[in-house]
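Please open the model in your viewer and keep the selection panel at hand. The tour below moves from one selection to the next and says what is to be found at each stop.

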Amino acid sequence: MKGKFIVIEGLEGAGKSSAIACIKALISARGIDVVTTREPGGTPMAEAIRECVKHPWQEDVAVETELMLMYAARAQLLNNVVWPALARGSWVIGDRHDWSSLAYQGGGREIPDAIIEPLRTITLKGFCADLTLYLDVDPAKGLQRAATRGALDRIELEKLSFFERTRARYLALAEADPNAVVIDSMQPMERVHRDVEQHINSFMDNHVPLA
Ligand code: TMP
């Protein structure tokens with residue numbers, strides 16, 4: 001793969017969208033073509049899956065259904081958008097990726113790793129992000145921010161304890177991954193952006209060949 005895959009992760013209200021806009025501008029400024037994606041979503045079929053997983057169904061949604069839909073959407077996105085873009089030499093910024101399933105379905109829903117792992121093998125085929133920025137926010141604060149954006153979806157309606165387990169898993173994933181960085185998203189926005197900028201610039205300094 002010629003391009004680089006940078007992923008932004010975080011709970012609802014962590015400020016992913018504005019961080020992504022900032023990262024996109026920094027990478028483009030170095031003359032690199034940038035593609036932005038989101039998960040679940042990012043292709044017509046994966047966007048339909050997104051609608052489906054977020055919809056507040058009048059029936060219980062089995063945790064296995066939710067898990068497999070996330071990986072189905074991811075397979076579409078990787079095959080149709082991410083891998084072709086990286087092969088062309090574009091850089092891809094992902095608004096969520098595999099850590100979201102490990103954190104939300106593994107941590108939040110408490111699905112054992114032994115169940116998630118085969119889906120990861122089938123879908124990712126060993127692929128992983130070159131850099132993950134995890135924007136850490138206290139779940140109560142993040143949900144408060146998310147609530148100002150409008151009606152909450154099926155996942156956002158979960159209890160606080162669900163998001164606490166999700167956050168704990170995110171922090172554990174970040175701790176174990178040398179290609180991941182934790183950014184304190186409870187700081188004022190300018191400081192969050194300053195931290196994002198610092199990490200992205202140093203990543204680019206190490207990975208963009210000098211002209
Ligand atoms: P968002 O991108 O607007 O935050 O919405 C995506 C929602 O889906 C969010 O609640 C996190 C959740 N999600 C999972 O539970 N597992 C996943 O693998 C992904 C990609 C998202």
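Select Arg50 together with the ligand: in this predicted model, a polar side-chain atom of Arg50 is placed 3.0 Å from an oxygen atom of the ligand. Add Lys54, whose side chain has an N or O atom 3.1 Å from a ligand oxygen, and then Arg96, where a polar side-chain atom lies 2.9 Å from an oxygen atom of the ligand. If you now switch on the surface, bear in mind that the ligand has 480 Å² of accessible area on its own, and that the protein covers 93% of this area.

Next, widen the selection to the residues around the ligand, of which there are 14, with Glu12, Arg74, Arg96, Ser101 and Gln105 coming nearest. Colouring this shell by class gives 7 charged, 4 nonpolar and 3 polar residues. Which helices should be shown as cartoon behind it, as suppliers of at least two residues each? They are H2 (44–54), H3 (63–88) and H4 (98–108), and among the contributors to the shell it is H4 that gives the most, with 4 residues.

Now hide the ligand and look at the space that it takes, which is the largest pocket. For the next selection, take Gly10, Leu11, Glu12, Gly13, Ala14, Gly15, Lys16 and Ser17, which an unreviewed UniProt entry annotates as "binding site". From this set, Leu11, Glu12, Gly13, Ala14, Gly15, Lys16 and Ser17 belong to the lining of the largest pocket. Centre on Gly15 to see the loop between strand E1 (5–10) and helix H1 (16–28), where this residue is found.

Two stops concern the backbone, and a general expectation helps in reading them: most residues other than glycine have a negative phi, and most peptide bonds are trans. Return to Arg96, this time with its main chain displayed, and you will find a phi near 80°, a positive value in a residue other than glycine. Arg96 is placed in the loop between strand E3 (91–95) and H4. Then select Glu39 and Pro40, which are joined by a cis peptide bond with omega near -10°; Pro40 itself lies in the loop that runs between strand E2 (34–38) and H2.

Finally, select residues 8–196, the range that UniProt, again in an unreviewed entry, lists for "domain: Thymidylate kinase-like". This span is 57% helix and 13% strand, and its end C-alpha atoms lie 10 Å apart.

Note on methods
Residues numbered from 1 in each chain as written. Predicted model: local features only at pLDDT ≥ 70, side-chain atom pairs only at ≥ 80, totals over all residues. Heavy atoms only, no water. UniProt positions renumbered as here; feature names shortened; annotations may be inferred. Near = heavy atom within 4 Å. Polar contact = N/O pair within 3.5 Å; in protein donor to acceptor, adjacent residues only side chain to side chain. Areas by Shrake-Rupley, 256 points an atom, 1.4 Å probe, with all protein chains shown as cover. 1 Å grid on protein atoms, 1.4 Å probe; cavity = no way out; pocket = protein on both sides within 12 Å on 5 of 7 lines; lining within 4 Å. Sits in = over half its atoms within 2 Å of the grid points. Nonpolar A, V, L, I, M, F, W, Y, C, P; charged D, E, K, R; others polar.
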